[in-house]
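Here are my notes on the model you sent over, as numbered points. Have the viewer open while you read.

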Amino acid sequence: MALRFYNTLTQQVQEFAPSDGKTVRMYTCGPTVYNFVHIGNLRTFTFQDLLRRWLRTSGFELNHVMNITDVEDKIIRSATAAGQTIQQYTKPYEEAFLEDCKTLRFEKPERIVRATEHIPEMAELIQKLTEKGLTYTSEGSVYYRISGFKDYGKLSHNDFAGMRAGTRVDVDEYDKDDARDFVLWKMKKDGEPSWQTSVGDGRPGWHIECSAMAMKYLGETLDIHAGGVDLVFPHHENEIAQSEAATGKPFASFWLHSEHLIVEGQKMSKSLGNFYTLRDLIAKGYPPEIIRYLLTQVPYRNKLNFTFDGLKAAAAAIDRLRNYKLRLETDKYPAGVNAEIEDRIAKAGADFRGAMDDDLNTAGALAAVFELIRDTNTAMDGGEFKEGNRASALAFLKLFDSIFDVLEVTQAEGAVGDAEIDAMVAARSAAKKAKDFVKSDAIRDELLAKGIILEDTKEGVRWKRK
Ligand code: AMP
Ligand code: ZN
C-alpha cells in the first residue's frame, strides 16, 4: 500500500505524492521564540522530523521550510519588560531552540526563515489583498474581512454562518468558534518595534508571516503544511484565507496536524505552568534519545500522556534494542542461512514499512521491531539463527534507526568515545594475556569509572555503557 496521510482539510486518509512526483515542498510552523520551548512543542517538532525522514525513505526529495516567529505580541511584551530590543530578546531563545533540535537529532529543514527578515514580502501580500477588496483599515491597522472569503472555515470545519461580521480582533491568538476579522498589519505603537512599509508604519500580525514566507520559498501551492493541532484555528485557517484569496489557488494539498502532549489530562503549556523543557529532563538524568523515543512512540494524531514512568519505559525499550544490536554484532552463529528466519526478517521489514506508510503509525512500526527481536532472540538461544541471517537482521535494525534514531548513545561532554574504549579494551586483553593482572584490573576499573561495563564472553570481550 502506498504512503498515506490523514489530511485535516478533507478529513480523510489520502494517498500522498508531491505534485511534481519528486520533491516535497513542505512548510512547518516553527516556534515563537519568547522562551525555551517545552517538550510539548518538541513533540510536534519530533513528528515533523519523523515525517521528513519517512518521506525521504519513501524516495522523495525535500524542500522543507520552517519559520521562526521572532515578532509577535508575547515577544514584544517580554522584550519590553526586559528592556531589550526584540532581536536582543529572541536571539538566545532561537539559539536554544536550534540546540534542542540538534540534541534531539532532528534533521535540519532545507531553510529556516525569520519573520523579521520578510517584512516587505508581508506588506506586498497585504497590498494584494487590499487590491482585491478583502481588507479594511481601522485606526491605522489593516484587517482581513473574513466575510469576503467564501471558504472561510474549510480547514477547521467550523460553520461560521453566524459569525459577527465586521467585528475584529487585534491579538494574534484567540478562541475556537470566535471567528472575527483578524489583523494583518498593526499600526505603530509607542515603544513597540515597527517597520515603514507600503501598508504603513507598523508591524505584521502573526498569520501573515507564514503565508508570505511559505509562498516566497515554496510557491503558491505547497505539498504539505504541518503544525500542532492548536494551529488549525485560527492560524492555519487564516493562512488559507490570506493565501488563497491572493492567488486563487489552493494553498496546500495536505494539512497535517499533530496532537498534544498532555500532563494529567491537560495540554502541556507555558500558561498552565505544567511544562518541562528538554534541559529540565536532561538535568534530571534522562538522555536525549530516551526523550526522543518517548516522543515518537505514540502515533502523532493521538494524545501523548507525559509521565516519568513513560520515560523509564522508554529507557528500558532502548536498552532492549541496544542489547539486541550488540548481540547481533558480536555473537558467533553457526554457518549457513536459516531461510525461515530470513522470511521472518523480511516480514518485519514489510510490517514496519506498512505501519509507517499508514499515516506514520509509529506504534505499529515499533511493534514490528519488538516482535522480531523476541523471535530472533529465541532463535539465537535455540541455535537456529545462522551466520547468514546476521546481515539482514542488522539491515532491518538500520532501517528502524534511520527513522527513530535512538540507538547511538549521546556522549556527555568530556565522555569517552567508542574508539578510545576499544583501544582500552584491547590494552586490557593484552595485559591479561601477558598475565599482568594488576594492569588489566586497573584498566577495567578505569573503564567502569567512565561508565563502561565489560563482559567476558566465550566470543571475547564485550563492552557497553551503563
Ligand atoms: P508556539 O511556539 O507556541 O508557536 O508552538 C510551537 C509548536 O508547538 C506549534 O506547532 C504548537 O502547535 C506546538 N505545541 C504547543 N503546545 C503543544 C503540546 N502541549 N503538545 C504538542 N505540541 C504543542
Ligand atoms: Zn505558521
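1. Rings to begin with: the aromatic pairs come to 20. Keep in mind that this is a predicted model, with side-chain atom pairs counted only at pLDDT 80 or more.

2. One of the pairs is Phe251 with Trp255, which comes out as tilted, at 6.0 Å centre to centre and 55° between the planes. Both partners, Phe251 and Trp255, are buried.

3. Now look at Phe400 and Phe404. Their ring centres are 5.1 Å apart and the planes make an angle of 20°, so this pair is stacked; the cut-off for that label is under 30 degrees. Both residues belong to helix H12 (residues 390-404), where they are four residues apart, about one turn of the helix. Phe400 and Phe404 are both buried. Zoom out a little and you'll find them in a cluster linked by ring pairs, together with Trp54, Phe352 and Phe396.

4. Two arginines are worth a click as well. Arg301 has its charged end over the ring of Tyr6, 3.8 Å from the ring centre. Arg168 does likewise with Tyr143: its charged end sits over that ring, 5.3 Å from the centre.

5. On to the metal. Which protein atoms are the donors of the zinc ion (ligand 2)? They are SG of Cys29, SG of Cys210 and NE2 of His235, at 2.0 to 2.2 Å from the ion. Along the sequence, the donor residues follow the spacing C-x180-C-x24-H. Cys29 is in the loop between strand E3 (23-28) and helix H1 (39-57), while His235 is in helix H6 (residues 232-247), so this pair ties together parts 206 residues apart in sequence. As for exposure, Cys29 is buried with a relative accessible area of 6%, and His235 is buried too, at 0% relative accessibility. If you plan to treat the site explicitly, bear in mind that water is not among the atoms, so sites may look incomplete.

6. Ligand 1 has 15 residues around it, and those that come nearest are Gly40, Thr44, Asp230, Leu261 and Met268. Helix H1 gives the most to this shell, with four residues. For polar contacts, start with Met268: one of its backbone N or O atoms is 2.8 Å from a nitrogen of ligand 1. Oxygen atoms of the ligand feature in two further contacts: a polar side-chain atom of Asn41 lies 3.0 Å from one, and a polar backbone atom of Thr32 is also 3.0 Å from an oxygen. Taken alone, ligand 1 exposes 490 Å², of which the protein buries 91%.

7. Finally, some backbone geometry. Most residues other than glycine have a negative phi, and most peptide bonds are trans. Where does this model depart from that? The peptide bond from Phe233 to Pro234 is cis, with omega near 0°, and Pro234 is in helix H6. That is also the helix holding the zinc donor His235.

8. Two non-glycine residues have a positive phi: Glu139, at about 50°, and Asp359, at about 55°. Glu139 is in the loop between strand E6 (135-138) and strand E7 (141-144), whereas Asp359 is in the loop between helix H10 (339-357) and helix H11 (362-381). Buried or exposed, in the case of Glu139? Glu139 counts as exposed, at 71% relative accessibility. Asp359, on the other hand, is buried, with a relative accessible area of 9%.

Methods
Residues numbered from 1 in each chain as written. Chains lettered and ligands numbered in written order. Predicted model: local features only at pLDDT ≥ 70, side-chain atom pairs only at ≥ 80, totals over all residues. Heavy atoms only, no water. Donors = N, O, S within 2.8 Å, 3.2 Å for Na, K, Ca; no water. Helix = DSSP H or I, 4+ residues; strand = E, 2+ residues; numbered from the N terminus. Buried < 20%, exposed > 50% of the residue type's maximum accessible area, 1.4 Å probe, protein only. Phe/Tyr/Trp six-rings, centres within 6.5 Å; stacked < 30°, edge-to-face > 60°. Lys NZ or Arg CZ within 6 Å of the ring centre and 35° of its normal. Near = heavy atom within 4 Å. Polar contact = N/O pair within 3.5 Å; in protein donor to acceptor, adjacent residues only side chain to side chain. Areas by Shrake-Rupley, 256 points an atom, 1.4 Å probe, with all protein chains shown as cover.
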